[in-house]
Amino acid sequence: MSKGGARARLRAHFLAHVGEVLEGDDLRAVAGGISEWARRVRELRTEEGYLILTNNDRSDLRPGQYLLESPRPAPAFARAISKETRAYVLDRNGFTCQMCGAVAGEAHPYDPSRKTRLHIGHIIDKSMGGSDDPANLRAICSVCNEGAANLTLDRPSSQKLLIQIRRATSGDQVQAMAWLIRKFPLQARDFLAEK
Ligand SMILES: [Zn+2]
């Protein structure tokens, strides 16, 4: 089965099950059992703009579960970033992940079994109004892009986090809040209900 075939089948499956929690084992079967099924699923998000949520986005999803919230891909998705802009941003960032410092083509510091692949990421997410302007773009490795490096970096304590958040602009505080509410929707609802 061709790569495009697997991705197209996955896209059709997600679109037929919008709003339903899908299990990785089922998605692997839909993709024809190929080992790269999870990468094809990520491409639907990173290349086509379908907001397919995982455990990294919502704590009520278990690892290996996926959820497409809306059948419509994000408008004017990052596909609009030109080759020239990509090359400019990668060069400006020294072909180095701006989150963990991994260098393109070298073994990844947190997962040495993987060669570092760089993507272009948005500093302010498009869903938060961030633009495709080079000033809002940065090189980010696939490990950080998936949120995995966060697990291996030293974790800041809640006290340190709160100090940082209190010092931030109110706009950045609202962004932090929005991210937390998306990640912990059930806890946010319970918290508000207590008031
Ligand atoms: Zn990284």
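Which helix gives the most to the lining of the second largest pocket? These close-ups of a predicted model start with that pocket and then move on to a metal site, a helix face and several single residues.

**Figure 1. The second largest pocket, lined by residues from three helices that each supply at least two.** The helix that gives the most is α8, with 6 residues in the lining. Joining α8 (170-183) are α7 (158-167) and α9 (185-194), each of which brings at least two residues to the lining. The pocket has a volume of about 380 Å³, and 13 residues line it. If you are looking for its centre, Ala 176, Met 177, Leu 180, Ile 181 and Phe 191 are the lining residues that lie nearest.

**Figure 2. A zinc ion held by cysteine sulfur donors.** The SG atoms of Cys 97, Cys 100, Cys 141 and Cys 144 lie 2.3 Å from the zinc ion. The angles among the 4 donor atoms run from 106 to 114 degrees, and the site is tetrahedral. For comparison, the ideal angle for four tetrahedral donors is 109.5 degrees. Along the sequence, the donor residues follow the spacing C-x2-C-x40-C-x2-C. Both Cys 141 and Cys 144 are buried.

**Figure 3. Helix α4, with buried residues along one face.** Within α4 (residues 83-92), the buried residues are Thr 85, Val 89 and Leu 90. Seen down the helix axis, these buried residues fall within an arc of 130 degrees, so they line one face of α4. A handy reminder here is that an α-helix has 3.6 residues a turn, so residues three or four places apart point the same way. The cover over the buried residues of α4 includes strands β6 (118-122) and β7 (137-141). Turn to the other side of the helix and you find Lys 83, Glu 84 and Asp 91, which are exposed.

**Figure 4. The backbone just after α4, where Gly 94 takes a positive phi.** For Gly 94 the phi angle is about 60 degrees. Phe 95 also has a positive phi, of about 55 degrees, although Phe 95 is not a glycine. Most residues other than glycine have a negative phi. You will find Phe 95 in the loop between α4 and β4 (107-108). Phe 95 counts as partly exposed because its relative accessible area, 39%, lies between the 20% and 50% cut-offs.

**Figure 5. Leu 44, a buried residue of helix α3.** Leu 44 sits in α3 (residues 37-46) and has 0% relative accessibility. Leaving aside residues up to four places away in sequence, Leu 44 touches Arg 7, Leu 10, Arg 11, Phe 14, Gly 49, Tyr 50 and Ile 52. The C-alpha atom of Leu 44 is 11 Å from that of Arg 9, and the two residues are 35 apart along the chain.

**Figure 6. Leu 67 in strand β3.** With 5% relative accessibility, Leu 67 counts as buried; its strand spans residues 65-68. Contacts of Leu 67, not counting residues up to four places away in sequence, are Gly 19, Glu 20, Val 21, Leu 51, Ile 52, Leu 53, Arg 58 and Leu 61. The C-alpha atoms of Leu 67 and Phe 14 are separated by 8.0 Å, with their positions 53 residues apart along the chain.

**Figure 7. Ala 12 in helix α1.** Ala 12 belongs to α1 (residues 3-16) and is partly exposed, at 46% relative accessibility. Its C-alpha atom is 9.6 Å from that of Val 30, a residue 18 places away along the chain.

Notes
Residues numbered from 1 in each chain as written. Predicted model: local features only at pLDDT ≥ 70, side-chain atom pairs only at ≥ 80, totals over all residues. Heavy atoms only, no water. Donors = N, O, S within 2.8 Å, 3.2 Å for Na, K, Ca; no water. Tetrahedral: all angles 85-135°; square planar, octahedral: opposite > 155°, others 65-115°. Buried < 20%, exposed > 50% of the residue type's maximum accessible area, 1.4 Å probe, protein only. Helix = DSSP H or I, 4+ residues; strand = E, 2+ residues; numbered from the N terminus. Arc of directions from axis to C-beta. Contact = heavy atoms within 4.5 Å. 1 Å grid on protein atoms, 1.4 Å probe; cavity = no way out; pocket = protein on both sides within 12 Å on 5 of 7 lines; lining within 4 Å. Points joined across faces, edges and corners; volume = space filled by probe spheres on them.
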